[in-house]
Amino acid sequence: MTTPYQQQGAYPQGAYDSPIPVRAAHLGDALASEWTKIRSVRSTVWTLGVMIVLMFGIGVLSAVAVSSVEPEVGEESVLSLGFFGVLLGSICVITLGVMTIASEYGTGMIRTTLTACPSRARVLTAKATVFFLLVFVITTVTAAIVGALQTAIVDGGVSTGEDWFRATIGVGLFVGLLGLLSLAVGALIRHSAGAITVMIGVVLLPLVLALFMYTESLRQVQEFLLEYSIPSQLGVLYDTPVTDQGPNGWEPLWIMLGVAGAAMAAAYLSLDRRDV
């Protein structure tokens, strides 16, 4: 039975052809979506803003303090003065890395995300790519500016091209990979507070435990924790290792790459196998 509207031709009888071109979604669309998300939420501005303030504040204040006490630092590189600012700033990167994915589980937004993009691997790839590039660029640029200010404030000191490369590009890659590790932990735990707590423990607990291991029977464990704790690995990139043994040069970057890669592989498997 036809309605009066169909008899008058108000409804088309055939299939509807949209004048807007229709194409299959690809990774570029997911990247654009994740970039819109990460730059439009307040947590990104606050966490990365605090990280920049810490890197600038602690780095410049350290240079001023050293310059007032020791007018000449001899053959030491002044770039190592940026270590503490980056170490504290990495806590902000950890927080943002967890919240990049765990906050969507808390609000239920992950269901909308996976409905719009059913390919879960594509979603995680887009999140990881956008987050890593953002953290890498901001950390590298900030570290380079802080290093230039420290060099101008402190007289003396010898910083080679490799020192600059490790203290800028190397540190940026290391902090970016640490952020990816945090994102992977957030994808596995799916709870912001829990994942942030786990990551802070991963960063600080090994070094704290090593400081309280006085007995000779725990000497090897203490040395291992001191050499491979994340603060110590970061210090190697600034040529200020905690111990004379252990990783050196670019080795901390390869270690962090392996750890972050394993965690991301587990996150891909978890996101594919578990329900949302």
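## Briefing: helix packing, nonpolar core and buried H10

In this predicted model, the count comes to five aromatic pairs when rings of Phe, Tyr and Trp are taken as paired if their centres lie within 6.5 Å. Phe83, Phe84 and Tyr238 together form one aromatic cluster. The points below take up the packing of two helices, the largest nonpolar core, helix H10 and two residues with positive phi.

**Packing of H3 against H4**

- Helix H3, spanning residues 42-69, packs with helix H4, spanning residues 83-107, at an angle of about 175 degrees, and their axes are 7 Å apart.
- Because angles over 145 degrees count as roughly antiparallel, H3 is described as roughly antiparallel to H4.
- On the H3 side the contact involves Ser43, Thr44, Thr47, Leu48, Val50, Met51, Leu54, Met55 and Ile58, which meet H4 residues including Phe84, Val86, Leu88, Cys92, Val93, Leu96 and Met99.
- The residues of this contact divide into 13 nonpolar and six polar, with no charged residue taking part.

**The largest nonpolar core**

- The largest nonpolar core has 56 residues, and those with the most contacts inside it are Phe131, Leu178 and Leu234.
- Two or more residues of this core come from each of H3, H4, H5 (109-116), H6 (120-153), H7 (161-189), H8 (192-211), H10 (230-237) and H11 (251-273).
- H7 provides the largest share of the core, with twelve residues.
- When residues up to four places away in sequence are not counted, Phe131 touches Ile38, Val93, Leu96, Gly97, Thr100, Gly179, Leu180 and Leu183.

**H10 and its surroundings**

- Eight of the eight residues of H10 are buried, so this helix is largely enclosed by the rest of the structure.
- The buried residues in H10 are Ile230, Pro231, Ser232, Gln233, Leu234, Gly235, Val236 and Leu237, and Leu234 is also among the residues with the most contacts inside the largest nonpolar core.
- The cover over the buried residues of H10 includes H4, H7, H8, H9 (219-228) and H11.

**Residues with positive phi**

- Just after H10, Asp239 takes a positive phi of about 60 degrees.
- Arg190, found in the loop between H7 and H8, has a positive phi of about 65 degrees although it is not a glycine.
- With a relative accessible area of 15%, Arg190 is buried, since the cut-off for burial is under 20%.

Terms used:
Residues are numbered from 1 along each chain as its sequence is written. This is a predicted model: local features need pLDDT of at least 70, side-chain atom pairs count only at pLDDT 80 or more; totals for chains, interfaces and linings use all residues. Side-chain values use heavy atoms; hydrogens and water are left out. Axes are lines fitted to C-alpha atoms, for helices over the stretch in contact, and angles run from 0 to 180 degrees between N-to-C directions. Helices (H or I, at least four residues) and strands (E, at least two) are DSSP runs, numbered from the N terminus. Angles under 35 degrees count as roughly parallel, over 145 as roughly antiparallel, 65 to 115 as roughly perpendicular and the rest as oblique. Contact means heavy atoms within 4.5 Å. Ala, Val, Leu, Ile, Met, Phe, Trp, Tyr, Cys and Pro count as nonpolar, Asp, Glu, Lys and Arg as charged, and the others, Gly among them, as polar. A nonpolar core is a set of buried Ala, Val, Leu, Ile, Met, Phe, Trp, Tyr and Cys residues joined through side-chain atoms within 4.5 Å. Buried means under 20% relative accessible area, exposed over 50%, partly exposed in between (1.4 Å probe, protein chains only). Rings of Phe, Tyr and Trp (its six-membered ring) pair if their centres lie within 6.5 Å; planes under 30 degrees apart count as stacked, over 60 as edge-to-face and the rest as tilted.
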